[in-house]
Amino acid sequence: MSKDYNDDIAFETLDTSSFEQMPYKDQLKQKEKYIKSLFNKEVLPIVPNPVPRGYRHKAVLSATNVNVNNNQQIRLGLFIEGTTKIKPKLGHFLHDKDIDLVFETIEKLLIKYKHKAYAKNYRQGIIKHVMIRKSFKTGDLMVIFSTQLNNFPNHKKIVNELIALHPNVKTIIQNIHKKDTKFVLLEEQRILYGKGFIIDSIADINFKISANAFYQINPMQMFNLYDKVFEFANIEKTDIVIDAYSGIGTITLLASKYAKKVYGLEINPASHKDAIDNKRLNQITNAEFILGDVEQTIENFTDKVDTLIMDPARDGASLKFIQTVLKLKPKKIVYVSCNPDTQERDYKQLRNFYNLTKILPFDMFSYTPHVENIVLLSLKTA
């Protein structure tokens, strides 16, 4: 899934596509058929989502105002697909149940303390969005209030009442907007309660997840996905590995268990900082995180690379990145993508030098048209 900072935190929408009404088996068939036709090759059977409903461990509801007895009152909901209109609605069958319970309490508290949704046309109200993240390992929750400017009246009372009702809420953050934007989170924030992060685990490695960090929203399928990534990569103890678009270091640190050395390349400073913290947290010594433009970083790379693992944003890799990969010529490329269209485009730039040996679609986002896909590319030999 995308590690791009902005891509991960843009508006969430109420998906009105046919997938919401489609039987689950038919969804899997349609997604597998799509990947097969896109690459025009045989694919491995799609990996079904072990939890097709209630799998989202990160959710965003946006704020709007409704008329109640001739007064404007705040409500939370999702954007209607393709519009800027928010449909007031608590609860969604794709959300983890604990998350939806906390949303219900938050809406009641915002109403109780007479908060209004930010209305751009009138420059009134302050609440824009509320995001909640949940650790699969611990059940701990993080709540983020996205507000227009710094002002957040009665936030201490809201925090105290929220944690009294939901002791699994371990940290609460105010994310501060000073401009109109389609993004839920910007860089400026203040911690209202707790440490400002929660901890989750993959295998025996712990990961610190902050508000802005990229982290897969579907943890049970994430475990399956990463198992297949490392099965495809088949890393040996002597291998040098690059994890491009490394985010908070999930793949980098997991790969460190198998490789001689792993380099994690990431452009986002917040994610890079989390990755460094995660390396220290787990006392891992054979991983190195490099902050900077991934194109530039990989171009300056001089070591021999055995395996490249890449999981770019929805836009895929740039042509410059692909050209540099062709100079490095890693023996294997494991390419993970949440947008198979750009993945297939990038493969076309590599196919003169690499064989496409495996294609494995994953149903990461059930009841939506989106599909995750892994491909294994093997360097051609003379």
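This briefing describes the nonpolar cores, two helix pairs and several individual residues of the structure above. The model is predicted. Its largest nonpolar core has 84 residues, and another core, of 29 residues, lies apart from it. Two helix contacts are described below: α9 with α10, which is oblique, and α3 with α4, which is roughly antiparallel.

**Nonpolar cores**

- Within the largest nonpolar core, of 84 residues, the residues with the most contacts are I242, M310, F321 and I333.
- Helix α5, spanning residues 219-233, supplies the largest share of this core, namely seven residues.
- Beyond its neighbours up to four places away in sequence, I333 touches L308, M310, V325, L350, Y354, V375, L376 and L377.
- The other core, which lies apart, comprises 29 residues, including A63, I106, F145 and F152.

**Helices α9 and α10**

- Helix α9 covers residues 319-328 and helix α10 covers residues 340-350; their axes come within 10 Å and cross at roughly 40°.
- That angle makes α9 oblique to α10, and the crossing is right-handed.
- On the α9 side the contact involves L319, I322, V325 and L326, which meet D346, Q349 and L350 of α10.
- By residue class, this contact divides into five nonpolar, one polar and one charged.
- V325 of α9 and L350 of α10, both part of this contact, are also among the residues touched by I333.

**Helices α3 and α4**

- The axes of α3 and helix α4 (residues 155-165) are 10 Å apart, and the two helices pack at an angle of about 150°.
- Because angles over 145 degrees count as roughly antiparallel, α3 is assigned that relation to α4.
- The crossing of α3 past α4 is right-handed.
- From α3, the residues V102, T105, I106, L109, L110 and K112 meet I158, E161, L162 and L165 in α4.
- The residues of this contact comprise seven nonpolar, one polar and two charged.
- I106, a participant from α3 in this contact, is also one of the residues of the 29-residue core.

**Buried residues D274 and I126**

- D274 is found in helix α7, which spans residues 269-281.
- With a relative accessible area of 3%, D274 is buried, because the limit for that class is under 20%.
- Leaving out residues up to four places away in sequence, D274 touches K208, S210, A213 and I248.
- I126 is placed in the loop between α3 (97-112) and β5 (127-134).
- The relative accessible area of I126 is 13%, and this residue is therefore buried.
- Apart from neighbours within four places in sequence, I126 is in contact with H115, K116, A117, Y118, S146, T147, Q148, N151, F152 and P153.
- F152, one of these contacts of I126, also belongs to the 29-residue core.
- I126 and F353 are 227 residues apart in sequence, and their C-alpha atoms are 54 Å apart in space.

**Loop residues with positive phi**

- Most residues other than glycine have a negative phi.
- Q283 has a phi near 55°, a positive value in a residue other than glycine.
- Q283 lies in the loop between α7 and β13 (287-291), and at 70% relative accessibility it counts as exposed.
- K329 also has a positive phi, near 50°, and is a residue other than glycine.
- K329 lies in the loop between α9 and β15 (332-337).
- The relative accessible area of K329 is 36%, and this residue is therefore partly exposed.

How values were computed
Residues are numbered from 1 along each chain as its sequence is written. This is a predicted model: local features need pLDDT of at least 70, side-chain atom pairs count only at pLDDT 80 or more; totals for chains, interfaces and linings use all residues. Side-chain values use heavy atoms; hydrogens and water are left out. A nonpolar core is a set of buried Ala, Val, Leu, Ile, Met, Phe, Trp, Tyr and Cys residues joined through side-chain atoms within 4.5 Å. Buried means under 20% relative accessible area, exposed over 50%, partly exposed in between (1.4 Å probe, protein chains only). Helices (H or I, at least four residues) and strands (E, at least two) are DSSP runs, numbered from the N terminus. Contact means heavy atoms within 4.5 Å. Axes are lines fitted to C-alpha atoms, for helices over the stretch in contact, and angles run from 0 to 180 degrees between N-to-C directions. Angles under 35 degrees count as roughly parallel, over 145 as roughly antiparallel, 65 to 115 as roughly perpendicular and the rest as oblique. A crossing is left-handed if the near helix is turned anticlockwise from the far one by less than a right angle, and right-handed if clockwise. Ala, Val, Leu, Ile, Met, Phe, Trp, Tyr, Cys and Pro count as nonpolar, Asp, Glu, Lys and Arg as charged, and the others, Gly among them, as polar.
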